[in-house]
Amino acid sequence: MNDQPAPSYRPLYQQIKEALLSRIVSGVWPPGTYIPSESALSQEYGVSVGTLRKAVDALANEHVVIRHQGKGTVVATHDSDRSLFQFFHFVRFDGSRSLPVSRVLQRRCRQATLEEAQALEIEEGTVVVHIQRIRVLDDVPALLEDLVVDAKRFPALENEPQTLPNTLYQLYQQKFSQSVAKAEERLLAVVAGQQEQKHLGVEIGSPLLEVRRIARGLQGEALEYRVSRCNTQHHCYLNEL
């Protein structure tokens, strides 16, 4: 009796997608770079243009690359606009958006809690960089955020740069070569405690929306764990499916 597991079958376009992704991850095609044309890549890999196009489409659907009609396909970069519209889901009640302004409360290295370690797929007690900040919308403190990243993956982030930008994902990509490709979010109903009373100006016990997010890199690795507690008195969470 053969106890060996049956080999898993992967469609050809999926194999080509992974080959293209490996070149992006390794830095052969850094963010902002136009990759070769589909016809050139199809010849290089010895596949049809249709198969190659399906592989590139899969990368585009995952926001790894962006197609520009008449220009070609470019490796995606993070900027404030992309981060706002792809990853920030709080809007005014009428659906209009405003760019959040961030104010850092603390930034330090410490050991990861069990919850943080599980989210980041690291050992409990691993050194992480913890950033706590307030995010202001329309001149009103709206979100209190605590986020952690593995200190080894983001060396010196506890001190550099001296002033953190409003859009951290852009910093991750430009300074640490860590590109956030997607995020998983879980929403919970919670009540305000002393920290939320102090920083958001709400009464203790007031209802808040808590968003727990795991931001993942190009190969699915966990890059950041973020917990945001949100005052929804003037803004709501919007996710367009």
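# A tour from the β6–β9 salt bridge to His235

Start by selecting Arg229 and Asp146, whose side chains meet in a salt bridge (2.6 Å, N to O). A salt bridge here is a side-chain nitrogen of Lys or Arg within 4 Å of a carboxyl oxygen of Asp or Glu. Arg229 lies in strand β9 and Asp146 in strand β6, so the pair ties together parts that are 83 residues apart in sequence. Arg229 is buried, and Asp146 is buried too; buried means under 20% relative accessible area, exposed over 50%, and partly exposed in between (1.4 Å probe, protein chains only). Helices (H or I, at least four residues) and strands (E, at least two) are DSSP runs, numbered from the N terminus.

This is a predicted model, in which local features need pLDDT of at least 70 and side-chain atom pairs count only at pLDDT 80 or more, while totals for chains, interfaces and linings use all residues. Residues are numbered from 1 along each chain as its sequence is written, and side-chain values use heavy atoms, with hydrogens and water left out.

**Strand β6 and its partners**

Next, select residues 140–150, which make up strand β6. Nine of the eleven residues in β6 are buried. Add strand β9 (residues 222–230): β6 and β9 pair in the antiparallel sense over six bridges, where pairing requires that DSSP finds at least two bridges between two strands. For one position to centre on, take Leu147, which stands opposite Arg226 in β9.

Now add strand β5 (residues 127–137), which pairs with β6, again antiparallel, over ten bridges. Leu137 stands opposite Val140 in β6. The two strands β5 and β6 form a hairpin with two residues between them. In that turn, Asp138 has a positive phi of about 55 degrees.

With these strands displayed, show the side chains of Arg133, Arg135, Glu145, Glu224 and Arg226, which are linked in a network of salt bridges. The structure holds 19 salt bridges.

**Strands β7 and β8**

From β9, move to β8 (residues 207–216). Eight bridges join β8 to β9, and the two run antiparallel. Leu209 stands opposite Cys230 in β9. Follow the chain through the hairpin of β8 and β9, which has five residues between the strands; Gly220 in this turn has a positive phi of about 85 degrees. Strand β8 is mostly covered, with eight of its ten residues buried.

Strand β7 pairs with β8 in the antiparallel sense over ten bridges. The bridge partner of Leu188 in β8 is Glu210. Then select Arg213 and Glu185, which form a salt bridge with the closest N and O atoms 2.7 Å apart. Arg213 lies in β8 and Glu185 in β7 (residues 182–191), so this pair ties together parts that are 28 residues apart in sequence. Arg213 is buried, with a relative accessible area of 8%, whereas Glu185 is partly exposed at 24%.

**Helix α3**

Go to residues 49–61, helix α3. The 13 residues of α3 should span 18 Å at 1.5 Å a residue, and the end C-alpha atoms are 18 Å apart, which agrees; the expected span is 1.5 Å times one less than the number of residues.

Colour Thr51, Leu52, Ala55, Val56, Ala58 and Leu59, which are buried in α3. They cover an arc of only 150 degrees around the axis, which puts them on the same side of α3; the arc is that of the directions from the helix axis to the C-beta atoms. What covers these buried residues includes α1 (12–25), α2 (38–45), β1 (65–68) and β2 (72–75). After α3 comes His63, whose phi is positive, near 65 degrees.

Show Glu38 and Arg53 next, whose side chains meet in a salt bridge (2.9 Å, N to O). This pair links distant parts of the chain, with Glu38 in helix α2 and Arg53 in helix α3, 15 residues apart. Glu38 is buried at 15% relative accessible area, while Arg53 counts as partly exposed at 39%.

**Last stop: His235**

Finish at His235, in strand β10 (residues 235–237). Is His235 buried or exposed? At 5% relative accessibility, His235 counts as buried. Not counting residues up to four places away in sequence, His235 touches Val91, Arg92, Phe93, Leu137 and Asp138, contact meaning heavy atoms within 4.5 Å. The side chains of His235 and Asp138 make a polar contact (3.1 Å). A polar contact is a pair of N or O atoms within 3.5 Å; within protein, one must be able to donate a hydrogen and the other to accept it, and residues adjacent in sequence count only if both atoms are side-chain atoms.
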